[in-house]
Amino acid sequence: MMIFLKILALFMSILFLTFVYMFISHFILKNKNTEKQNDKENLMSDFFVPISYINTTRALIACNRITPEVPSLFQVSGYADCHTLHSMFQGNMLCRYGCLGLGSCAHVCPADAIIIKNGSIFVTDSCNGCGNCITECPKQLISLIPINSKNQLLCAAHLDSGDYSFCPTGKNGYLLD
């Protein structure tokens with residue numbers, strides 16, 4: 001009987017400590033998540049797009065070709081977003097200015113206006129000019145342009161005098177489709 005009471009007391013102590021640990025952990029994690037949310041809001045306020053720009057601008061990605069259209073320097077796997085891939089050797093694309101093609105910008109677009117399809121990345125007419133995608137591109141390839149812009153737009157690689165014969169956009173005089 002005495003052994004049973006000791007085992008019961010030990011079990012109750014473990015249960016109590018587990019409850020205390022879970023209770024404290026919950027409030028610590030909740031506090032950390034609140035701090036992260038506040039940090040994210042402060043960061044986003046640095047990139048605030050004035051409301052007057054919304055619906056008068058649209059996003060432009062200064063690179064419209066990705067793998068397999070543009071060859072890669074080496075094979076990679078396991079990267080979920082462009083920031084992570086960019087942190088490793090500035091990406092794996094043969095064109096060092098090019099889009100990494102993992103779609104971090106597409107994931108944050110509330111209008112689902114950024115499409116990755118058949119070796120190309122492009123912005124559709126459903127873009128509302130919110131600018132959420134701008135901060136998601138580690139290569140800073142995205143900018144807002146006026147909706148009615150009719151200029152011929154050049155890809156990001158046009159700044160370099162290198163040979164971009166491997167890229168369809170480079171072969172096209174660096175003009176975006």
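The exercises below work through the fold, surface, cores and side-chain pairs of a predicted model.

Residues are numbered from 1 along each chain as its sequence is written, and side-chain values use heavy atoms, with hydrogens and water left out. Local features need pLDDT of at least 70, and side-chain atom pairs count only at pLDDT 80 or more, while totals for chains, interfaces and linings use all residues.

**Exercise 1. Fold**

Task: list the helices and strands, and give their pattern along the sequence.

Solution.
- Use DSSP runs numbered from the N terminus: helices are H or I with at least four residues, strands are E with at least two.
- The protein has 4 helices and 4 strands.
- Read along the sequence, they give α-β-α-α-β-β-β-α.
- Turn to contacts, meaning heavy atoms within 4.5 Å. Of those with a separation of 6 or more, 58% join residues 24 or more positions apart.

**Exercise 2. Surface**

Task: describe the exposed area and find a nonpolar patch on the surface.

Solution.
- Accessible areas come from the Shrake-Rupley method with a 1.4 Å probe; for residues, only the protein chains shown count as cover.
- The protein exposes about 12,100 Å², and carbon and sulfur atoms supply 62% of that area.
- Patch residues have over 30% relative accessible area and no salt bridge; nonpolar side chains (Val, Leu, Ile, Met, Phe, Trp, Tyr) are joined within 5 Å, like charges within 9 Å.
- M1, M2, F4, L5, L8, F11, M12 and L15 form a nonpolar patch, with about 900 Å² of accessible area together.
- One of these, F11, lies in helix α1 (residues 2–46).

**Exercise 3. Cores**

Task: locate the largest nonpolar core and place C105.

Solution.
- Buried means under 20% relative accessible area, exposed over 50%, partly exposed in between (1.4 Å probe, protein chains only).
- Of the 177 residues, 31% are buried.
- A nonpolar core joins buried Ala, Val, Leu, Ile, Met, Phe, Trp, Tyr and Cys residues through side-chain atoms within 4.5 Å.
- The largest has 19 residues; I61, I114, I121, V123, L141 and I142 have the most contacts inside it.
- β1 (57–61), α3 (104–108) and β3 (120–123) each give two or more residues to this core.
- A second, separate core of 14 residues includes M93, C155, A157 and C167.
- C105 lies in helix α3. C105 is buried, at 8% relative accessible area.
- Not counting residues up to four places away in sequence, C105 touches I114, I121, C133, E136 and I142.
- With the same exclusion, I142 touches A59, L60, I61, C105, C133, I134 and C137.
- The C-alpha atoms of C105 and I134 are separated by 7.4 Å, though these positions lie 29 residues apart in chain numbering.

**Exercise 4. Salt bridge**

Task: identify the salt bridge and classify the exposure of R65 and E69.

Solution.
- Side chains of opposite charge can pair when their charged atoms come close.
- The test is a side-chain nitrogen of Lys or Arg within 4 Å of a carboxyl oxygen of Asp or Glu.
- The structure holds 1 salt bridge. R65 and E69 form it, at 3.3 Å, N to O.
- R65 counts as buried at 14% relative accessibility. E69 is partly exposed at 31%.

**Exercise 5. Aromatic pairs**

Task: count the aromatic pairs and classify Y164 with Y174.

Solution.
- Rings of Phe, Tyr and Trp (its six-membered ring) pair if their centres lie within 6.5 Å; planes under 30 degrees apart are stacked, over 60 edge-to-face, the rest tilted.
- The count comes to 2 aromatic pairs.
- Y164 and Y174 have ring centres 6.2 Å apart and planes at 75 degrees, so the pair is edge-to-face.
- Y164 lies in the loop between β4 (142–146) and α4 (168–171), and Y174 in the segment after α4, so the pair ties together parts 10 residues apart in sequence.
- Y164 is buried at 7% relative accessibility, and Y174 is buried at 19%.
- Ring pairs link Y164, F166 and Y174 into a cluster.
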